[in-house]
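Please open the structure in your viewer and keep the sequence panel beside it. We will go from stop to stop, selecting a few residues each time.

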Amino acid sequence: MTISIKTATQISDFHYFWDDFLPEQHHLKIRHLIPLEKPSLPNIKNYYLQILVKDKPIGIAFIQLYKFTPTQLNFDEPGSFLSKIKTFILPNQLNLIICGNLFRINFQGFYFKNKQHNPLIFDAIDFFVKQHKNLKPRGIVIKDCKEVFIEKKYTAFKYFFFDADVTMEINKRPHWICFEDYLNDLTKKYFKRAQKIIQAFEGVTKHELNASEILENAVDIERLYQNVVNKQKVNLGTINVSYLYELKQDLKQDFELHAIYYNQKMIGFYSFIFYANEMETHYIGLDYHVNTIHKTYFNILFLSVQKMIERKYSKLELGRTAKEAKANLGAFPKQIFNYVKVKNPVTKIALKYFLIKFNQSENKKNNVRLPLK
């Protein structure tokens, strides 16, 4: 099947077509893409694709061009083997094409009316790269796919399936009516641990911020968020306060951002996104000095479980990082389906090495925990 594409760099250019093409409540609706376009996120440029056969639209795709630098890898000590790889093998800047959303999980970047056409996403991105030769992408990622593609299809376009990417999830048990039900299901060891963590939170207050309050507290939110960014082993894209504001404007009651205070000073924040039957803990921010005293991060995890139970959701998505802490909560890993293409063979080896290293660092301790009875 021969396809063609039309491309835009502003979603408003496709306003006459885009939303009508998608099913109701689809995550690629225009209003859900505005929070990714309007804040001018660092090192990100968005592209929107209309995919056609004989001038008839059959699909759409959302693409982010991300300018990645080796400074965003934080595995190593100066002078180490990893440091030398970063310095001498990886280029100063890698243009990466992401089909999907760097800042969300389960946000597949393409939609076809006929699911049998889904493999055409490889053709569409190949067409896009040929049309935009000036971009010179070193790598392409088709992110968070909802299905597994036939191997011969993605290998024909020189992609590989990156099978080491997992996220952490916890499922609500049917008898969890309140948070105490969850606590009572913990084994003796983990129950005592939970009590100590919750006790450490005494004196801490929480306040949900509305959209205007998010902007009013921008300096504190940015400071706390950057603390977390600086701790990450791999920093694949950073948000800003404008992104959180636009997300609140878009999702309204389906997005919450809670500020955490001690002695009237903001010491952290956490955010939730709510879907039909499940929810996710989105971005957080921490003061790490205070965290050692009040166990802020672990309490955010408990607050996430509490919110899941209160809103009667079946599942809580907790993200890719800090897997050991989330395993201690009762979460288990879930496979994410990503397809990766890297043109330069040396860069391909280096990037695969760093991706695997990232997952090893996140799984350096046995993440199989049995905190629940």
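This tour visits a sheet, the helices on it, and then some aromatic rings. Keep in mind that you are looking at a predicted model.

**Stop 1: the sheet**

Switch to cartoon view and find the open sheet of seven strands, whose order is β9-β10-β11-β12-β13-β8-β14 with mixed pairing. Its edge strands are β9 (205–209) and β14 (332–335), and each of these pairs on one side only. From one strand to the next, the twist averages 30°.

**Stop 2: walking from strand to strand**

Select β10 (residues 255–262) together with β11; they pair in the antiparallel sense over eight bridges. To see one of these partnerships, pick A259, whose bridge partner in β11 is F269.

Now add β12 (residues 278–286). Strand β11 (residues 265–274) and β12 run antiparallel, joined by six bridges, and the two form a hairpin with three residues between them. Pick F272 here: its bridge partner in β12 is T281.

On to β13 (residues 315–319), which runs parallel to β12 and is joined to it by three bridges. M279 has L316 in β13 as its bridge partner.

How many of the nine residues of β12 are buried? Eight are, and the strand is mostly covered.

**Stop 3: helices on the sheet**

Select residues 218–229 to show helix α9, which packs on the sheet and touches β9, β10, β11 and β12. The direction of α9 makes about 80° with that of β11.

Next, select residues 241–251, helix α10. This helix lies across β9, β10, β11 and β12, running at about 130° to β10. Why is α10 described as largely enclosed by the rest of the structure? Eight of its 11 residues are buried, so the surroundings cover most of the helix. Colour the buried ones to see them: V241, Y243, L244, E246, L247, K248, D250 and L251. Just after α10 comes K252, with a positive phi near 55°.

**Stop 4: aromatic pairs**

Show the side chains of Phe, Tyr and Trp. A search of the whole structure finds 31 aromatic pairs. Zoom in on F14 and F17: their ring centres are 6.4 Å apart and their planes meet at 75°, so this pair is edge-to-face. F14 counts as buried at 5% relative accessibility, and F17 counts as buried at 9%.

Now select F179 and F302. With centres 6.1 Å apart and planes at 65°, this pair is edge-to-face. The pair links distant parts of the chain, 123 residues apart: F179 belongs to helix α6 (residues 179–184) and F302 to helix α12 (residues 296–310). Buried or exposed: which word fits F179? F179 is buried, because its relative accessible area is 9% and buried means under 20%. F302 also counts as buried, at 6% relative accessibility.

For a group of rings, select F110, F112, F122, F149, Y154, F157, Y159, F161, F337 and Y339, which form one aromatic cluster.

**Stop 5: charges over rings**

Finish with two places where a charge meets a ring. Select R193 and F298: the charged end of R193 sits over the ring of F298, 4.9 Å from the ring's centre. Then select K231 and Y288, where the charged end of K231 sits over the ring of Y288, 4.9 Å from its centre.

Key. Residues are numbered from 1 along each chain as its sequence is written. This is a predicted model: local features need pLDDT of at least 70, side-chain atom pairs count only at pLDDT 80 or more; totals for chains, interfaces and linings use all residues. Side-chain values use heavy atoms; hydrogens and water are left out. Buried means under 20% relative accessible area, exposed over 50%, partly exposed in between (1.4 Å probe, protein chains only). Helices (H or I, at least four residues) and strands (E, at least two) are DSSP runs, numbered from the N terminus. Two strands pair if DSSP finds at least two bridges between them. Axes are lines fitted to C-alpha atoms, for helices over the stretch in contact, and angles run from 0 to 180 degrees between N-to-C directions. Contact means heavy atoms within 4.5 Å. Rings of Phe, Tyr and Trp (its six-membered ring) pair if their centres lie within 6.5 Å; planes under 30 degrees apart count as stacked, over 60 as edge-to-face and the rest as tilted. A charge sits over a ring if NZ of Lys or CZ of Arg is within 6 Å of the ring centre and within 35 degrees of the ring normal.
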